[in-house]
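These are my notebook entries on one structure, written up for a colleague at the bench. I set down what I looked up and what I found.

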Amino acid sequence: MTSPRREKLQQAASRIRNASNILLACHIRPDADALGSLLGLALGLQRLGKTVQAVSPDGVPQLYRFLPAWEQVLTEPQGPCDLAIGLDADGSDRLGSAEAPVLAAPVVIDLDHHTGPDPFGTIQVVDPTAAATGELVFDLLEVLEVPLDAEIATCLLAAILTDTGSFRFSNVTADTFRKAGALVEAGAHPAPIHTAVYGTRPFAASCLLGRMLSRLE
């Protein structure tokens with residue numbers, strides 16, 4: 001973990017420890033990194049006894065409903081919070097309907113591996129050297145001394161596995177593999193995650209593909 005990243009994570013962890021009601025929100029049209037990070041962090045904070053609202057403005061697509069605790073995800077915040085975290089958003093405007101409630105929180109943390117033009121928040125844990133926002137959640141839970149369990153590990157491995165293209169992309173580092181190994185040791189299984197995300201196709205999509213292929217010459 002790089003020193004600047006650790007300093008920011010320690011600042012974020014300090015604020016989180018002092019918070020009771022925490023709002024988490026990911027970007028619109030969520031992918032596995034957004035939802036895996038959202039749920040992995042939500043579960044981790046719940047292990048600390050925090051009251052957590054996990055918000056995905058566009059809900060949880062069927063494709064990602066293998067993720068543990070996906071049923072907890074709200075489409076809009078319900079009630080006040082004393083700390084908010086935007087995850088994987090690449091700018092607060094991509095938080096959709098959750099943007100205003102997040103920015104209205106007394107303390108706002110931007111947790112992201114994208115370095116867009118519009119960082120936001122009281123504390124910006126933004127590091128493009130992380131292969132996925134799930135890596136930063138892993139680091140944050142480590143600083144908070146939250147033990148990994150199978151549910152948290154599955155969420156974070158889904159985030160990392162997909163945002164690295166199953167570890168094929170150039171953003172993969174030795175640290176990425178170290179974290180993936182720790183998540184597997186904690187109970188996550190790569191094969192079911194890969195099958196759920198890449199090995200299934202909705203019936204309607206299969207019909208459309210069939211029609212396209214039938215017209216090829």
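The entries below go through the sheet, two helices and a loop.

**Entry 1. Basis.** I worked from a predicted model. I therefore kept the confidence limits in mind: local features need pLDDT of at least 70, and side-chain atom pairs count only at pLDDT 80 or more.

**Entry 2. The sheet.** I traced an open sheet of five strands and read its order as E2-E1-E3-E4-E5, with parallel pairing. I noted strand E2 (51-55) and strand E5 (123-126) as the edge strands, since each pairs on one side only. The twist from one strand to the next averages 15 degrees. I then took up one pairing within the sheet: strand E3 (residues 83-87) and strand E4 (residues 108-112) run parallel and are joined by four bridges. Ile-85 has Ile-109 of E4 opposite.

**Entry 3. Helices on the sheet.** I looked up what packs on these strands. Helix H2 (residues 32-47) touches strand E1 (21-26), E2, E3 and E4, and its direction makes about 170 degrees with that of E1. Helix H4 (residues 133-143) also packs on the sheet, where it touches E3, E4 and E5; I recorded about 125 degrees between its direction and that of E4.

**Entry 4. Ser-37.** I chose one residue of helix H2, Ser-37. Is Ser-37 buried or exposed? Its relative accessibility is 0%, so I entered Ser-37 as buried. The side chain of Ser-37 reaches the backbone oxygen of Asp-33 at 2.7 Å. Beyond four places in sequence, I listed the contacts of Ser-37 as Ala-32, Leu-87, Thr-133, Gly-134, Val-137, Leu-156 and Ala-159.

**Entry 5. Helix H5.** I compared the length of H5 with expectation: at 1.5 Å a residue, its 14 residues should span 20 Å, and the end C-alpha atoms are 20 Å apart, which agrees. At the start of H5, I found a side-chain oxygen of Asp-149 within 3.2 Å of the backbone nitrogen of Glu-151. I noted that Gly-165, which follows H5, has a positive phi, near 60 degrees.

Why is H5 described as largely enclosed by the rest of the structure? Of its 14 residues, 12 are buried, so that description holds. The buried residues include Cys-155, Leu-156, Leu-157 and Ile-160. I looked for what covers the buried residues of H5 and found that the cover includes H2, H4, H6 and helix H7 (190-198).

**Entry 6. The aromatic pair.** I found one aromatic pair in the structure. Phe-167 and Phe-177 are stacked, at 5.3 Å centre to centre and with 25 degrees between the planes. Phe-167 belongs to the loop between helix H5 (150-163) and helix H6 (174-185), while Phe-177 is in helix H6, so the pair ties together parts 10 residues apart in sequence. I entered Phe-167 as partly exposed, at a relative accessible area of 24%. Phe-177 is likewise partly exposed, with 47% relative accessibility.

**Entry 7. Val-172.** I turned to Val-172, placed in the loop between H5 and H6. Val-172 has a relative accessible area of 18% and is buried, because the limit for that class is under 20%. Not counting residues up to four places away in sequence, I found that Val-172 touches Thr-164, Phe-167 and Phe-177. I also noted Ala-131: this residue and Val-172 are 41 residues apart in sequence, with 5.9 Å between their C-alpha atoms.

Methods
Residues numbered from 1 in each chain as written. Heavy atoms only, no water. Phe/Tyr/Trp six-rings, centres within 6.5 Å; stacked < 30°, edge-to-face > 60°. Helix = DSSP H or I, 4+ residues; strand = E, 2+ residues; numbered from the N terminus. Buried < 20%, exposed > 50% of the residue type's maximum accessible area, 1.4 Å probe, protein only. Pairing = 2+ DSSP bridges. Axes fitted to C-alpha atoms, helices over the stretch in contact; angles between N-to-C directions. Contact = heavy atoms within 4.5 Å. Expected span 1.5 Å × (residues − 1). Polar contact = N/O pair within 3.5 Å; in protein donor to acceptor, adjacent residues only side chain to side chain.
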